[in-house]
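This report describes the fold of one protein model, beginning with its strands and ending with a single residue. Please keep the structure in view while reading.

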Amino acid sequence: MADPGFPKTGSVLELGSGAGDVALLFAERGYRAHGIEISPTAVEWACEKAEGRKLKAEFVVGDVTDLGHWDDETFNVVIDGHCLHCIIGEDRGKVLSETHRVLKPGGLFYVNTMCGEPEEPEVAKAFDPESRCMVVGGVARRYFGRVEDILSEIKASGFRIERQEVRSNQGMQDDLFVWAVK
Ligand SMILES: C[S@@+](CC[C@H](N)C(=O)[O-])C[C@H]1O[C@@H](n2cnc3c(N)ncnc32)[C@H](O)[C@@H]1O
């Protein structure tokens, strides 16, 4: 938000908005803030927080593979709320094309996703190098894509990559930040 290139007004959608803290930060700064989250309990908490802080924000229970709640070209910014790495396989393309659809032309998709080789021992133990997923109980839970693969899939959905940055977290997974423009 503090970056000089970041839109200073407009509408923001957070993918995987959890308990609403990030979206509410945007609401506090005067943006029209929206969130979509698969957990009804988290959405309830987000709505309670918004009400308690007298902030206007919309939180919707839903799956980020289907943003049909919103029309084409609705948002100035879509933020990946550390959610994209929860999306596995073909669903990733659905999220990216839905995100592209709901962004206004020139809109920003800000991605914050885990990437590379998992370092945390528990995660590394559950890592399947073929699918690049952390698999628990036979179910793929997190995707640790290679940076070049993540950038390729974002580009394949019609975005132009404006900027990217990998930040390493000691003993944890690296985070990839991407500024992608429609
Ligand atoms: C790491 S949490 C981040 C929460 C919030 N963005 C934050 O920064 O505090 C990721 C969130 O994505 C949500 N999520 C995972 N898969 C989802 C899906 N397919 N559709 C919507 N939300 C999803 C999870 O329930 C979780 O709340």
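## Strands, helices and ligand shell

Strand β4 (residues 75–80) and strand β5 run parallel and are joined by four bridges. At one position of this pair, F75 stands opposite L103 in β5. The model described here is predicted. As general background, the strands of a sheet pair through backbone hydrogen bonds, in either a parallel or an antiparallel manner.

The pairing continues on the other side of the list of strands. Strand β5 (residues 103–115) pairs with strand β10 (residues 174–181) in the antiparallel sense, and M114 has D175 in β10 as its bridge partner. Strand β9 (residues 160–167) also pairs with β10 in the antiparallel sense, where V166 stands opposite L176. The table collects these three pairs.

| Strand pair | Sense | Bridges |
|---|---|---|
| β4 and β5 | parallel | four bridges |
| β5 and β10 | antiparallel | eight bridges |
| β9 and β10 | antiparallel | seven bridges |

β9 and β10 form a hairpin, with six residues between the two strands. Within the turn, G171 has a positive phi of about 75°.

These strands belong to an open sheet of seven strands with mixed pairing, in the order β3-β2-β1-β4-β5-β10-β9. The edge strands, β3 (57–61) and β9, each pair on one side only. On average, and with direction ignored, neighbouring strands of the sheet are turned by 15° against each other.

Two helices may now be added to the picture. Helix α1 lies across β1 (11–15), β2, β3 and β4, and runs at about 170° to β2. Helix α2 packs on the sheet as well, touching β2 and β3, and its direction makes about 165° with that of β3.

The ligand has 18 residues around it, of which G16, G18, I38, G81 and C86 come nearest. Two elements, α1 (21–28) and β2 (32–37), give two or more residues each to this shell. By character, the shell divides into eight nonpolar, six polar and four charged residues.

Finally, one residue of helix α2 (residues 40–52) may be examined, namely A50. Why does A50 count as buried? A50 counts as buried because it has 20 C-beta neighbours inside 10 Å, and 20 or more are required for that class. Apart from neighbours within four places in sequence, A50 is in contact with G20, L24, A27, L55 and A57. By contrast, D128 is 78 residues from A50 in sequence, and the two lie 39 Å apart in space, C-alpha to C-alpha.

Notes. Residues numbered from 1 in each chain as written. Predicted model: local features only at pLDDT ≥ 70, side-chain atom pairs only at ≥ 80, totals over all residues. Buried ≥ 20, exposed ≤ 12 C-beta atoms within 10 Å, placed from the backbone. Contact = placed C-beta atoms within 7 Å. Pairing = 2+ DSSP bridges. Near = placed C-beta within 6 Å. Nonpolar A, V, L, I, M, F, W, Y, C, P; charged D, E, K, R; others polar. Axes fitted to C-alpha atoms, helices over the stretch in contact; angles between N-to-C directions.
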